[in-house]
Amino acid sequence: MVATVASLIDLLDVRLVASDCYVGITPDIGMPRVFGGQAAGQALMAAAKTVEEKRVPHSVQTHFLSTGLIGPPIEFHVERLRDSGSLSNRRVIAEQQGRQLLSQQAAFHVPENGPEHQLAAEAVDGPPSAGAGLRPFPEDWPEFYRRWSSLEVDWYPDSHVRGPLTTTGRGTLSRQWVRTSAPFDAPQAVHSAIATCVAGLTLLMSAFTPHEIKPHRDIKTFTLDHCLWFHRPFRIDEWLLLEQVSPSASEGRAFCMGRLFGGRQSRGLCDPGWSGSRVVTHDF
């Protein structure tokens with residue numbers, strides 16, 4: 001279901017069934033439950049369908065309440081909180097068979113002129129040149145990650161040794177270049193929804209690295225919340241550098257955060273977004 005870019009877009013799309021109520025699909029994409037990044041991306045698409053296209057997402061904050069089932073559709077109920085001259089705010093509640101799965105606050109803005117700056121980005125290799133061999137997700141990761149052929153991924157396998165060390169003596173930094181496997185034309189909200197989904201694929205891995213834990217095998221996890229801020233327009237079908245770290249883990253919870261950088265000619269790396277997520281961890 002995520003083998004092509006078209007199928008990825010279809011996965012995150014939602015259809016109108018009643019006033020401000022949308023429905024999304026939950027096919028089997030290789031996980032025993034609905035992937036949280038998928039549900040968050042669908043919720044953002046539902047919110048985006050209630051605003052003008054010129055109002056682009058700039059903040060998406062999702063709180064996960066319970067796991068979703070594979071098969072039954074998810075209903076996304078959108079509440080219109082504000083529509084001002086340039087700003088819109090939406091609250092989305094996702095339900096499946098009478099159970100609330102998540103709540104999301106999505107904020108939109110008509111881009112305006114104003115002061116502009118960003119922190120200087122560290123020089124890194126890449127993005128991959130045309131025809132170069134890509135380093136996909138590690139082979140010892142679950143099969144779920146190899147189903148995403150709608151994405152091209154160039155993974156830095158040793159990036160954790162370059163970043164700051166934790167109290168375990170190991171670092172948490174992970175880096176990867178990522179884009180969709182084919183270009184496509186769509187509003188900014190679609191690019192943002194795919195980025196919301198993609199950010200959830202690997203963000204939690206940075207919490208496992210310092211402890212040499214294999215994802216989804218040595219430990220069970222449940223994402224509590226996932227927040228993204230989009231600072232600049234970007235295209236997910238162009239190479240983006242995704243950097244992820246986990247500054248802290250304790251009390252059965254871990255905090256992970258990431259940055260998305262996109263290349264711009266003559267300007268180096270721009271910073272289109274930040275993401276952050278907290279996760280509850282349980283030993284098998």
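How many salt bridges does the count come to? With a salt bridge taken as a side-chain nitrogen of Lys or Arg within 4 Å of a carboxyl oxygen of Asp or Glu, the count comes to twelve. The structure is a predicted model, in which local features need pLDDT of at least 70 and side-chain atom pairs count only at pLDDT 80 or more, while totals for chains, interfaces and linings use all residues. Residues are numbered from 1 along each chain as its sequence is written, and side-chain values use heavy atoms, with hydrogens and water left out.

A good place to begin is the salt bridge between lysine 49 and aspartate 13, whose closest N and O atoms are 3.3 Å apart. This pair links distant parts of the chain, 36 residues apart: lysine 49 sits in the loop between helix H2 (36–48) and strand S3 (56–64), and aspartate 13 in the loop between helix H1 (5–12) and strand S1 (15–18). Helices (H or I, at least four residues) and strands (E, at least two) are DSSP runs, numbered from the N terminus. Lysine 49 is partly exposed at 39% relative accessibility, and aspartate 13 is partly exposed at 33%; buried means under 20% relative accessible area, exposed over 50%, and partly exposed in between (1.4 Å probe, protein chains only).

Another salt bridge joins aspartate 237 to arginine 235, at 2.8 Å from N to O. Here aspartate 237 is buried, at 9% relative accessibility, whereas arginine 235 is partly exposed at 28%. Salt bridges with shared partners also join Arg175, Glu243 and Arg259 into one network.

Turning to helix H1, its buried residues are Val5, Ser7, Leu8, Leu11 and Leu12. These residues lie on the same side of H1, because they cover an arc of only 160 degrees around the axis, the arc being that of the directions from the helix axis to the C-beta atoms. Their cover includes H2, strand S7 (151–156), strand S8 (174–180) and helix H3 (188–202).

The largest nonpolar core (buried Ala, Val, Leu, Ile, Met, Phe, Trp, Tyr and Cys residues joined through side-chain atoms within 4.5 Å) has 65 residues, of which Phe35, Phe76, Phe144, Trp148 and Ile194 touch the most other members. H3 gives the largest share of this core, nine residues. The core lies between domain 1 (5–109) and domain 2 (143–283), because both give residues to it; the domain bounds come from an automatic or database domain assignment. A second, separate core of five residues includes Tyr156, Trp177, Trp239 and Phe261.

Definitions and conventions
Contact means heavy atoms within 4.5 Å.
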